[in-house]
Amino acid sequence: MPDRQNLPYRPRVLSGMRPTGKLHLGNYMGALANWVKLQSQYECYFFIADLHALTTDYADTSGVAPNTLEVALDFLGAGLDPETCTIFLQSQVKQHYELPLLLGMVTPLGWLERVPSYKEMQENLANKDLTTYGFLGYPVLMASDILLYQADFVPVGQDQQAHVELTREVARRFNHFYPKIIREPEPLGTFPVDVLPEPQVLLTPSPKLPGTDGRKMSKSYGNTILLTDPEPVVRQKLKTMVTDPARVRRSDPGDPDKCPVGDLHKVFSTPETLAKVYAGCRSAGIGCIECKGWAADALVQILEPIQARRASFSETQAKEILNAGSRRAARRAAQTMEEVYAAMQMTLTREAAC
Ligand code: TRP
Ligand code: SF4
């Protein structure tokens, strides 16, 4: 059997993000920047997971649409190119409602209850009632997102790895019940293949990216630097950022390895600046204010082209891009659904219905 990794065609990549609102540098470094690189190498599908937002925010859906628009603009600002990859909105592709029902039939309840984030999220979001069918079924929704495109690779961070693993198990169970098919034309030659190939994780290396309070940058901690923050805001946020606690006075030496600002330098600054930071901090030759100024310089330099590109798209254009992408995604998803229905022998009146 040929290896799916050494293929004459471009393997498919799929990934998604919840519409959490304006994205921050952590989202960029942990996902988006990697997607931008992948788009030219693979056939890529990137989507905004608004149906996933409903699994937790069903009682108040007012934020979903505005947040979706912000995320779409941030995708474009970061450099996802709608000519190069397919950018779409999950709720606009009806197959994302169709496949979860069918996959739900073969997914044992125990698998869902054992997903590590299930109990954890219920406890963390104790203010929301998450004892719903939709919330328990979230991993089936995610498996469907991936399998609908018969994706070869799923770029995600470590936090999502268990979900892709479950996706593989769901695919395996589906393929165990239903027969292989001969798909023509197949770039690999003509032989029976599984309808739902098991996707592989492309683990996104995520550098340690602290927020302004020194904890991991996260929207829920309120410590983020947004992709849309204008220069004065970035500089102000850096000014109040925590530093090496050992460096109380200007004359005290510090250690960039124990300082969140030092961590930012490691990710964003040039080797020359980084060398100045290490030498100056350890000898108390520089002050934190100066050091933070250099970190802000590096951030502003990264953010500037992102903000310029973002500003070149209107909200109307962003919506049109999502719509066109969703139509393209739906065409690809429909192909998979035909194979799924055929494998499950659900085609009695299917031709007449189409
Ligand atoms: N669950 C992911 C998150 O919370 C988003 C997501 C939904 C996703 N469907 C996906 C990611 C499919 C990768 C593939 O970030
Ligand atoms: Fe942190 Fe820079 Fe101050 Fe050192 S000089 S403690 S690295 S902010």
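Helix H4 gives the lining of the second largest pocket its largest share, six residues. That pocket belongs to a predicted model, and it takes up about 600 Å³. There's also a cavity to look at, with about 90 Å³ of space inside, and ligand 2 sits right in it. Here's a quick tour, starting with the pocket.

**The second largest pocket**

- In total, 22 residues line this pocket, and those nearest its centre are Pro100, Tyr133, Gly134, Gly137 and Val140.
- Five helices each give two or more residues to the pocket lining: H2 (50–57), H4 (95–106), H5 (109–113), H7 (133–136) and H8 (138–147).
- Sort the pocket lining by class and you get 15 nonpolar residues and seven polar ones, with no charged residues.

**The largest cavity**

- How many cavities of 30 Å³ or more does the count give? It comes to one.
- The largest cavity, with its space of about 90 Å³, is lined by 13 residues, and closest to its centre are Arg247, Cys259, Cys281, Cys288 and Cys291.
- Helices H11 (260–268), H12 (271–282) and H13 (288–311) are the elements that each bring two or more residues to the cavity lining.
- H13 has the largest share of that lining, with three residues.
- Seven nonpolar, three polar and three charged residues make up the lining of the largest cavity.

**Ligand 2 and its surroundings**

- Where does ligand 2 sit? You'll find ligand 2 in the largest cavity.
- Four cysteines, Cys259, Cys281, Cys288 and Cys291, are among the residues around ligand 2.
- Thr243, Asp244, Arg247, Pro256 and Val261 are also around ligand 2.
- Split by class, the shell around ligand 2 holds six nonpolar residues, one polar residue and two charged ones.
- Arg247 turns up twice in this tour: it's one of the residues closest to the centre of the largest cavity, and it's also one of the residues around ligand 2.

**How the chain divides up**

- The domain assignment splits the chain into domain 1, made of 4–208 plus 314–353, and domain 2, which covers 229–308.
- Measure from one C-alpha centre to the other, and domain 1 and domain 2 are 37 Å apart.
- Which residues meet between the two domains, in numbers? Seven residues of domain 1 are in contact with eight residues of domain 2.

Notes. Residues numbered from 1 in each chain as written. Chains lettered and ligands numbered in written order. Predicted model: local features only at pLDDT ≥ 70, side-chain atom pairs only at ≥ 80, totals over all residues. Heavy atoms only, no water. 1 Å grid on protein atoms, 1.4 Å probe; cavity = no way out; pocket = protein on both sides within 12 Å on 5 of 7 lines; lining within 4 Å. Points joined across faces, edges and corners; volume = space filled by probe spheres on them. Helix = DSSP H or I, 4+ residues; strand = E, 2+ residues; numbered from the N terminus. Nonpolar A, V, L, I, M, F, W, Y, C, P; charged D, E, K, R; others polar. Near = heavy atom within 4 Å. Sits in = over half its atoms within 2 Å of the grid points. Domains from an automatic or database assignment. Contact = heavy atoms within 4.5 Å.
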